[in-house]
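Biologist: Before I rely on any of the labels attached to this structure, I would like to know what each of them rests on. Could we go through them one at a time, setting each value against its cut-off?

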Amino acid sequence: MRFLKKVLFAAALCGAAFAHASPAEPKNGVEYETLATAQPTEAGKKIEVTEFFAYYCPHCNVLEPQLAAWVKKQGDNIVFKRVHVSRDASVAPQQRLFFTLQAMGLLDQLHTKVFQAMHVEHNRLNTDEAVFDFVARQGVDRQKFIDTYRSMGISGRVRKADAMMQGYNVTFWPMIAIDGRYITSPSQADQGSKSAKNEEQLNAQALTVMDVLVAKAKAEKK
């Protein structure tokens, strides 16, 4: 009997320790926000996850590999999209580069290489010619890229990105939108605990919040 009591007491201690160690449920208005007006999505019954980012942004660069791994883990559970944000004339070539690669079906092949060019090789890609030279070195047909880059279709994608930034009230990046209703970011995801020690930990916390929001959005679709 005494042995049984000891076992039960030890089990209770383990349970208490586990409960204490478990992360708290993220709170609306703290680790994430609910948009006042839900934005349209195109994913149907799946959960649409959209990253608002910029190639020049160092925080977007650090987040990229962790986010890519998270997206791969989600699999068919989500539809993942990226939107390159606008800022000023120096960022416009990078934004058009992103949408041109997307339109030409080259994003999976060159997305990471653009980040490397900017943050490792210090190629600012802040002019049209710098962008054209970069893609040509990657084996892309230069003239075909230029024609697409300067097309009305890409201008339309840029205008849509600007409209989405306004609709989602995107004022900093990276920012992640879940199913057109919830937004979070690495800096926001740490607001409740202030426990992150470095940027990778901030990112990990954001991805945990995103797990919760994806599950929440999925439950609300049923």
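**From labels to values**

Modeller: Let us begin with His122, which is found in the loop between H4 and H5. Please keep in mind throughout that this is a predicted model.

Biologist: Why is His122 called exposed?

Modeller: The relative accessible area of His122 is 62%, and the word exposed applies over 50%, so His122 earns the label.

Biologist: What is unusual about the phi of His122?

Modeller: Its phi is positive, about 60°, although His122 is not a glycine. Most residues other than glycine have a negative phi. Asn169 is another such case, with a positive phi near 55° in a residue other than glycine, and Asn169 sits in the loop between H7 and E4. At 55% relative accessibility against a cut-off of over 50%, Asn169 therefore counts as exposed.

Biologist: What makes the peptide bond between Trp173 and Pro174 stand out?

Modeller: The bond that joins Trp173 and Pro174 is cis, with an omega of about 5°, whereas most peptide bonds are trans. Pro174 belongs to the loop between H7 and E4.

Biologist: Is Gln205, in helix H9, buried or exposed, and how do you know?

Modeller: Gln205 has a relative accessible area of 18%, and buried means under 20%, so Gln205 is classed as buried. Leaving aside its neighbours within four places in sequence, Gln205 is in contact with Ala189, Asp190, Ser193, Ser195 and Ala196.

Biologist: Why is Gly167, which is found in helix H7, given neither of those two labels?

Modeller: Gly167 has a relative accessibility of 26%, and partly exposed is the class between under 20% and over 50%, so Gly167 is called partly exposed. The C-alpha atoms of Gly167 and Leu35 are separated by 9.2 Å, while the two residues are 132 residues apart along the chain.

Biologist: What makes a group of residues a nonpolar core, and which residues have the most contacts inside the largest one?

Modeller: The members must be buried residues of the nonpolar kinds that are joined through side-chain atoms within 4.5 Å. The largest such core here has 40 residues, and those with the most contacts inside it are Phe52, Tyr55, Leu101 and Phe145. Among the elements that give two or more residues to this core are strand E2 (47–53), helix H3 (92–103) and helix H4 (107–119), with H4 supplying the largest share, 6 residues. Phe52, not counting residues up to four places away in sequence, touches Val83, Val85, Met164, Met165, Tyr168, Val170, Trp173, Pro174, Met175 and Ala177.

Biologist: Which residues of H5 are buried, and against which elements do they pack?

Modeller: Ala130, Val131, Phe132, Phe134 and Val135 are buried in H5, and the buried residues of this helix pack against H3, H4 and H6. In soluble globular proteins, nonpolar side chains tend to be buried together.

Biologist: How do you know that helix H2 and helix H9 meet, and at what angle do they cross?

Modeller: Contact requires heavy atoms within 4.5 Å, and residues of H2 including Leu63, Leu67 and Trp70 take part in a contact with residues of H9, among them Ala204, Leu207 and Met210. The residues of this contact divide into 8 nonpolar, 4 polar and 3 charged. The axes of H2 (residues 58–74) and H9 (residues 199–221) come within 10 Å and cross at roughly 35°, and the crossing is right-handed.

Biologist: At what angle do H3 and H7 cross?

Modeller: Their axes come within 10 Å and cross at roughly 115°, and this crossing is right-handed. The residues of the contact of H3 with H7 divide into 5 nonpolar, 4 polar and 3 charged.

Biologist: What is the mean confidence of the protein, and over which residues is the confidence below 50?

Modeller: The mean pLDDT is 90, and 90% of the residues reach 70 or more. Over residues 1–22, however, the pLDDT is below 50, and beyond near neighbours in sequence this stretch has 0 contacts in the model.

Terms used: Residues numbered from 1 in each chain as written. Predicted model: local features only at pLDDT ≥ 70, side-chain atom pairs only at ≥ 80, totals over all residues. Heavy atoms only, no water. Axes fitted to C-alpha atoms, helices over the stretch in contact; angles between N-to-C directions. Helix = DSSP H or I, 4+ residues; strand = E, 2+ residues; numbered from the N terminus. Left-handed = near helix turned anticlockwise from the far one by under 90°. Nonpolar A, V, L, I, M, F, W, Y, C, P; charged D, E, K, R; others polar. Buried < 20%, exposed > 50% of the residue type's maximum accessible area, 1.4 Å probe, protein only. pLDDT = per-residue confidence, 0-100.
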